[in-house]
Structure formats: C-alpha cells, structure tokens
Amino acid sequence: NIKKDLNFNLNDKIVLCVGRETKAKGVEDFCKVADYFSFEKNIKFLFLGGYRDKKYHDYLLEKYGKNVFFLGMREDIYDFYKSSDLFLFLSHRESAGQVLAEAMLFGLPMVTWNIIGVNEMFNNGIQGRMRELGDINGIIKDVREILSDQNLYSKLSLESEKHSNNHLIDVS
C-alpha cells in the first residue's frame, strides 16, 4: 500500500531512513546518497521523522526534495519498514538505536556508519554493511551492491531478522 499511496511502481526499491531531520542524525548524508542515485528512477529514498528547525527543513526540501521524500512523523511507520528494501542509517551519534532494532525486526538489510551505539548492536557483513563515518563513496557502493545482488540481499535480510531476537520491540 505504501508504494501505491506514493505512486511508486511495484518493482521500485525503497531505501528508508527514520530519525530527526538534523545534521547529527545524518539527514544530509542520506540526501547525498539519494542524489547519487537520482538517475536510477526505480530507487526511492524516504526519510521519516520530525524536525525542530523549520528553516533547516525548508533548506532540505529545497536542496534535496527532488530526490528524497520527506514524509515527516508517521503513525504507520511499521508499514514503511514492511514496504522498504534497505535501511540506510547514517546518524553521526547514537545511543540505543531503536530504529535499527525495528529495521531488523522487519528483516531489512542495513547500511550504517561505524559509530558507537550502532556498532554495539549491528554486525558488519552480517545484517548489512558498516563504513567509517564520512565514507559516502563506500556507502554508495554498499547500497548499490545490496540492492543489485539478490543472493547477498537475501542473506543479509535473513540475518537481520534473526538478530532482531536480540532486541525487544513491541509492534502491536
């Protein structure tokens, strides 16, 4: 239903990020990756989350709005996890990583920065890929590889879902 609601094709790939629209949460890094893939019309980048600074939000819409769907705070967030193909989480700092646990619950392969908090609950090469903070080219390579290699995608997805048992999330 998410693809239908957003007028996407059924075979479109969805790359999802959930968080606040702040530099520290990596929104601009997410947008830079989306810009790189802008010529690939079958890959859609969705950012869910609120903002505190309207001026910054307007800046993001102006600069990146043609390649990123900024959907704000949503009550149906789990529908987005279910409809997505990859979780791209580029926060610069993290403590608990609830959205990572949620993404794992829905079996999403992940691409992240190697930062404290994330690297305590996410295994590089097992549930997805992890890069050193700032390595945008590496992130782009990982996104491309995971979305284009069905065997790799399936392996990462299964491991992601399997590791979700390590984290308690209530989806009721």
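This is a short walk through a predicted model, stop by stop, with something to select at each one.

**Start with the whole chain**

Show the protein chain as a cartoon and colour it by secondary structure: you should find seven helices and six strands. Following the chain from the N terminus, the elements come in the order α-β-α-β-α-β-α-β-α-β-β-α-α. With a radius of gyration of 15 Å, close to the 16 Å that the globule rule gives for 172 residues, the chain is as compact as a globular protein of that length. Its C-alpha trace spans about 40 × 35 × 35 Å along the principal axes.

Now switch on a surface. Of the 172 residues, 51% count as buried. As for contacts between residues at least 6 apart in sequence, 65% of them join residues at least 24 apart.

**Select helix α2**

Next, pick residues 27-36, which make up helix α2. Is this helix mostly enclosed or not? Seven of its 10 residues are buried, so α2 is largely enclosed by the rest of the structure. To see the buried ones, show Val27, Glu28, Asp29, Phe30, Cys31, Val33 and Ala34 as sticks.

Keep Phe30 on screen, then add Tyr36, Phe37, Phe39, Phe45, Phe47 and Phe70: together these residues form one aromatic cluster.

**Look at two aromatic pairs**

The whole structure holds 13 aromatic pairs. A pair of aromatic rings is described by the distance of the centres and the angle of the planes.

Select Phe8 and Phe69. Their ring centres are 5.1 Å apart and the planes sit at 70 degrees, so this pair is edge-to-face. Phe8 is in the loop between α1 (2-5) and β1 (13-18), while Phe69 is in strand β3 (residues 68-72), so you're looking at a link between distant parts of the chain, 61 residues apart. Phe8 counts as buried at 10% relative accessibility, and Phe69 counts as partly exposed at 33%.

Now jump to Tyr81 and Phe106. How are these two rings arranged? The centres are 5.6 Å apart and the planes are at 0 degrees, so the pair is stacked. Tyr81 belongs to helix α4 (residues 77-83) and Phe106 to the loop between α5 (98-105) and β5 (110-113), so the pair ties together parts that are 25 residues apart in sequence. Turn the surface back on here: Tyr81 counts as buried at 0% relative accessibility, whereas Phe106, at 24%, counts as partly exposed.

**Finish at α6 and α7**

Select helix α6 (residues 136-148) and helix α7 (residues 150-163), and turn the view until you see them cross. Their axes come within 5 Å and cross at roughly 95 degrees, which means that α6 is roughly perpendicular to α7.

Which residues make the contact? On the α6 side, show Glu145, Ile146 and Ser148; on the α7 side, show Gln150, Leu152, Tyr153 and Leu156. Coloured by type, the residues of this contact divide into four nonpolar, two polar and one charged.

One last click, still in helix α7: Ser157. This serine is buried, with a relative accessible area of 16%. Leaving aside residues up to four places away in sequence, Ser157 touches Gly107 and Pro109.

Terms used. Residues are numbered from 1 along each chain as its sequence is written. This is a predicted model: local features need pLDDT of at least 70, side-chain atom pairs count only at pLDDT 80 or more; totals for chains, interfaces and linings use all residues. Side-chain values use heavy atoms; hydrogens and water are left out. Rings of Phe, Tyr and Trp (its six-membered ring) pair if their centres lie within 6.5 Å; planes under 30 degrees apart count as stacked, over 60 as edge-to-face and the rest as tilted. Helices (H or I, at least four residues) and strands (E, at least two) are DSSP runs, numbered from the N terminus. Buried means under 20% relative accessible area, exposed over 50%, partly exposed in between (1.4 Å probe, protein chains only). Axes are lines fitted to C-alpha atoms, for helices over the stretch in contact, and angles run from 0 to 180 degrees between N-to-C directions. Angles under 35 degrees count as roughly parallel, over 145 as roughly antiparallel, 65 to 115 as roughly perpendicular and the rest as oblique. Contact means heavy atoms within 4.5 Å. Ala, Val, Leu, Ile, Met, Phe, Trp, Tyr, Cys and Pro count as nonpolar, Asp, Glu, Lys and Arg as charged, and the others, Gly among them, as polar. The radius of gyration is taken over C-alpha atoms; the globule rule is 2.2 Å times the number of residues to the power 0.38.
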